[in-house]
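User: Please examine the structure below and answer some questions about its fold, packing and side-chain pairs.

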Amino acid sequence: MARFGWIVAGWMVLPGMAPAADAVVLPSGQSVTLIDVILEDMPSVARFRFLAPEIGAGGRTYEEVLDDFPWLCEALAVPALQEAGVEVVEVVVSLSDRVVPFGEADPEATQFFEPFTLDGTACIWEQF
């Protein structure tokens, strides 16, 4: 597993996109910022982790942000990977109400995750 700052840099300079430090407004109306991108080799996965402070306790529910996941995959993750020249089989999009270090548990955090298989530039939702 590796964190690649250059992927984040590639994401930041894509045409029509705000830098990772700036909020991106999603179809649900919530604003998120990119926490990081993590690449895993076995299997080939790119994890795009977003800070979404509007979810969780008293905030937006999973059902209210459901359409944000495929939008993030197709509008942000796929172009960023293409720009960086990175090929993966799967993209996992996650939303978290606070920054939680990858792989660590935080019982106070609200986190939503959705996996997508890539078919060219299309994100195919792999709902559980």
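The exchange below goes from the fold to the strands, the core and the side-chain pairs.

This is a predicted model, in which local features need pLDDT of at least 70 and side-chain atom pairs count only at pLDDT 80 or more, while totals for chains, interfaces and linings use all residues. Residues are numbered from 1 along each chain as its sequence is written, and side-chain values use heavy atoms, with hydrogens and water left out.

User: In what order do the elements of the chain run from the N terminus on?

Analyst: Helices (H or I, at least four residues) and strands (E, at least two) are taken as DSSP runs and numbered from the N terminus. Three helices and seven strands are found in the chain. Their order is β-α-β-β-β-α-α-β-β-β.

User: What percentage of contacts between residues at least 6 apart in sequence join residues at least 24 apart?

Analyst: A contact means heavy atoms within 4.5 Å. With contacts in the chain restricted to residues at least 6 apart in sequence, the share that joins residues at least 24 apart is 59%.

User: Which strand pairs with β4 in the parallel sense?

Analyst: Two strands pair if DSSP finds at least two bridges between them. Strand β3 (residues 31-40) pairs with β4 over seven bridges in the antiparallel sense, and these two strands form a hairpin with four residues between them. The parallel pairing, also over seven bridges, places Arginine 47 opposite valine 92. The partner in that pairing is strand β5 (residues 90-96).

User: Which residue of β4 is the bridge partner of valine 37?

Analyst: Within the antiparallel pairing of β3 and β4, leucine 34 stands opposite phenylalanine 50. For valine 37, the bridge partner in β4 is phenylalanine 48.

User: Which glycine in the turn between β2 and β3 has a positive phi?

Analyst: Strand β2 (residues 24-25) runs antiparallel to β3 and is joined to it by two bridges, with valine 25 opposite serine 31. The two strands form a hairpin with five residues between them. The residue in the turn with a positive phi, about 95 degrees, is glycine 29.

User: Why is β3 described as largely enclosed by the rest of the structure?

Analyst: A residue is buried under 20% relative accessible area, exposed over 50% and partly exposed in between (1.4 Å probe, protein chains only). Strand β4 (residues 45-51) is mostly covered, with five of its seven residues buried. β3 is largely enclosed because the number of its 10 residues that are buried is seven.

User: Which element gives the largest share of the largest nonpolar core?

Analyst: A nonpolar core is a set of buried Ala, Val, Leu, Ile, Met, Phe, Trp, Tyr and Cys residues joined through side-chain atoms within 4.5 Å. The largest one has 29 residues, and those with the most contacts inside it are Phe48, Phe50, Val91 and Leu95. Two or more residues each come from β3, β4, α3 (68-84), β5 and β6 (111-119). The largest share, eight residues, comes from α3.

User: What distance separates the closest N and O atoms of arginine 49 and aspartate 36?

Analyst: A salt bridge is a side-chain nitrogen of Lys or Arg within 4 Å of a carboxyl oxygen of Asp or Glu, and by this rule the count comes to four. Arginine 49 in strand β4 and aspartate 36 in strand β3 lie 13 residues apart, and both are buried. Their salt bridge has its closest N and O atoms at a distance of 3.1 Å.

User: Is glutamate 54, which forms a salt bridge with arginine 60, buried or partly exposed?

Analyst: The side chains of glutamate 54 and arginine 60 meet at 2.7 Å, N to O. Arginine 60 has a relative accessible area of 22% and is partly exposed. With a relative accessible area of 29%, glutamate 54 is partly exposed.

User: Why do the rings of phenylalanine 116 and tryptophan 125 count as a pair, and of what class?

Analyst: Rings of Phe, Tyr and Trp (its six-membered ring) pair if their centres lie within 6.5 Å; planes under 30 degrees apart count as stacked, over 60 as edge-to-face and the rest as tilted. Three aromatic pairs are found in the whole structure; one of them, tyrosine 62 with phenylalanine 69, is tilted, at 6.1 Å centre to centre and 40 degrees between the planes. Because the centres of the phenylalanine 116 and tryptophan 125 rings are 5.8 Å apart and their planes lie at 25 degrees, the pair is stacked.
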